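I opened this entry to keep track of what I looked up, topic by topic. Salt bridges come up first, then the sheet, a helix pair and two residues of one helix.

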Amino acid sequence: MIDGFDADEFVSRTLAEDLGSGGDVTSAATIPADARFTATMNCREDIVVAGLFLAERFFRATDPDVTITTDVSDGDRAPAGTVLMRLEGNARAMLTAERSALNTLQHLSGIATLARRYVDAIDGTGATLLDTRKTTPGLRLLEKYAARMGGAHNHRLRLDDGLLIKDNHVAVNGSVEAAVSRARAANAGLQIQVEVDRVSQIEPALDAGAERLLLDNMPPPVLREAVALVAGRVPLEASGGVNLDTIRGIAETGVDFISVGRITQSAPAVDIGLDFALS
């Protein structure tokens, strides 16, 4: 489902982190080995679902015979109270998997939910929401998947996905023109994007061969000036100072893309619960 992501390895590693060497000692001490639970997982606030397939894998890892039905799919909007999953299986196994399953689902659904709020905020403007590399170390593939479930587009999964010349690259080379020239000489078919923070840098970047511009921390009036100057010659991406209060105004300037790091960096976990009963 996610290219390059090993779900089984992730589930195994996450469970090992939670169980330690002794396992779920509380459940083993208080729950009969043959006890069975039924359980209902539901969201306690309006969310966009992401990571349901992983939550299911956690329960199957501890009880291969568990019965699971899902009432929604990743990417779905789920109003508060929606049943996300129903389970029936070994009680100890369910309790053992519960926290890992919920942690993962709450985190990824939080990203998807926040991403959808940003996408909804720019609906009808023609601008596209992009995520960034501001992700939790080791969780990038999952977090970018969650952003995609919320309607964002993935941009630069890794440093080798494209050339992005930023201010530090320019400083070392002495000018935008020199940095772009070196990038073109070394380029193996990757798009060259250049970050600019002043309108005066746009023409030199384009003359040097920039194929896309990142307009950094420009207020809407300056963004409009940049859009008019470029006049469609290359795609324009706005970044910096973007939040739910500002993104609509940024989108209405005519930029093609808006990148928002906070959808992966700062999304709060959503409230999802799992209610058990003896079978």
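I count a salt bridge when a side-chain nitrogen of Lys or Arg is within 4 Å of a carboxyl oxygen of Asp or Glu. The model is predicted.

**Salt bridges**

I looked up the total, and the structure holds 14 salt bridges. I then went through some of them by residue.

Arg 44 pairs with Asp 271, and their closest N and O atoms are 3.8 Å apart. That falls under the definition because the cut-off is within 4 Å. I checked where the two residues sit. Arg 44 is in the loop between strand S1 (36-43) and strand S2 (47-48), and Asp 271 is in the loop between helix H11 (262-265) and strand S12 (272-278), so the salt bridge ties together parts 227 residues apart in sequence. For accessibility I noted 45% for Arg 44, which is partly exposed. Asp 271, at 35% relative accessibility, also counts as partly exposed.

Next I took Glu 203 and Arg 233, a salt bridge with the closest N and O atoms 2.7 Å apart. This pair links distant parts of the chain, 30 residues apart. Glu 203 belongs to helix H8 (residues 202-208), while Arg 233 is in the loop between helix H9 (220-230) and strand S10 (236-239). Glu 203 is partly exposed, its relative accessible area being 26%. Arg 233 is partly exposed at 45% relative accessibility.

I also recorded Arg 248 and Glu 252, whose side chains meet in a salt bridge at 3.0 Å, N to O. Arg 248 has a relative accessibility of 33% and counts as partly exposed. Salt bridges with shared partners join Arg 44, Asp 271 and Asp 275 into one network.

**The parallel sheet**

I turned to the sheet and asked myself in which order its strands lie. The 6 strands form an open sheet in the order S6-S11-S10-S9-S8-S7, with parallel pairing. At the edges I find strand S6 (128-130) and strand S7 (163-165), each of which pairs on one side only. Averaged over neighbouring strands, the turn of one against the other is 25 degrees, direction ignored.

I followed two of the pairings in detail. Strand S9 (residues 212-216) runs parallel to S10, and 4 bridges join them. In this pairing, Leu 213 has Leu 236 of S10 as its bridge partner. Strand S8 (residues 192-196) pairs with S9 over 4 bridges, again in the parallel sense. Here Val 196 stands opposite Leu 215 in S9.

Side chains in a regular strand alternate between the two faces of the sheet. I checked S10 for this: Leu 236 and Ala 238 point one way, and Glu 237 and Ser 239 the other way. All four named residues of S10 are buried.

I also noted a helix over this sheet. Helix H7 (residues 176-186) lies across S7 and S8, and runs at about 165 degrees to S8.

**Helices H1 and H3**

For two packed helices, the description is the angle between their axes and the distance between the axes. I looked up both values for helix H1 (residues 7-19) and helix H3 (residues 52-62): an angle of about 65 degrees, and axes 10 Å apart. The crossing of H1 past H3 is right-handed.

I listed the residues that meet. H1 contributes Ala 7, Asp 8, Phe 10, Val 11, Thr 14 and Leu 15, and H3 contributes Leu 54, Arg 57, Phe 58, Ala 61 and Thr 62. By type, this contact has 7 nonpolar, 2 polar and 2 charged residues.

**Two residues of H4**

Last, I looked at Ile 111 and Thr 113. Ile 111 is in helix H4 and is buried, at 0% relative accessibility. Leaving out neighbours within four places in sequence, I find Ile 111 in contact with Glu 143, Ala 146, Ala 147, Ile 263, Thr 264 and Ala 267. I also noted the spacing to Met 149: Ile 111 is 38 residues from Met 149 in sequence and 8.8 Å away in space, C-alpha to C-alpha.

Thr 113 is also found in helix H4 (residues 91-121). Is Thr 113 buried or exposed? At 14% relative accessibility, Thr 113 counts as buried, because the limit is under 20%. Not counting residues up to four places away in sequence, Thr 113 touches Asp 46, Ile 47, Val 48 and Val 270.

Key:
Residues numbered from 1 in each chain as written. Predicted model: local features only at pLDDT ≥ 70, side-chain atom pairs only at ≥ 80, totals over all residues. Heavy atoms only, no water. Axes fitted to C-alpha atoms, helices over the stretch in contact; angles between N-to-C directions. Left-handed = near helix turned anticlockwise from the far one by under 90°. Contact = heavy atoms within 4.5 Å. Nonpolar A, V, L, I, M, F, W, Y, C, P; charged D, E, K, R; others polar. Buried < 20%, exposed > 50% of the residue type's maximum accessible area, 1.4 Å probe, protein only. Pairing = 2+ DSSP bridges.
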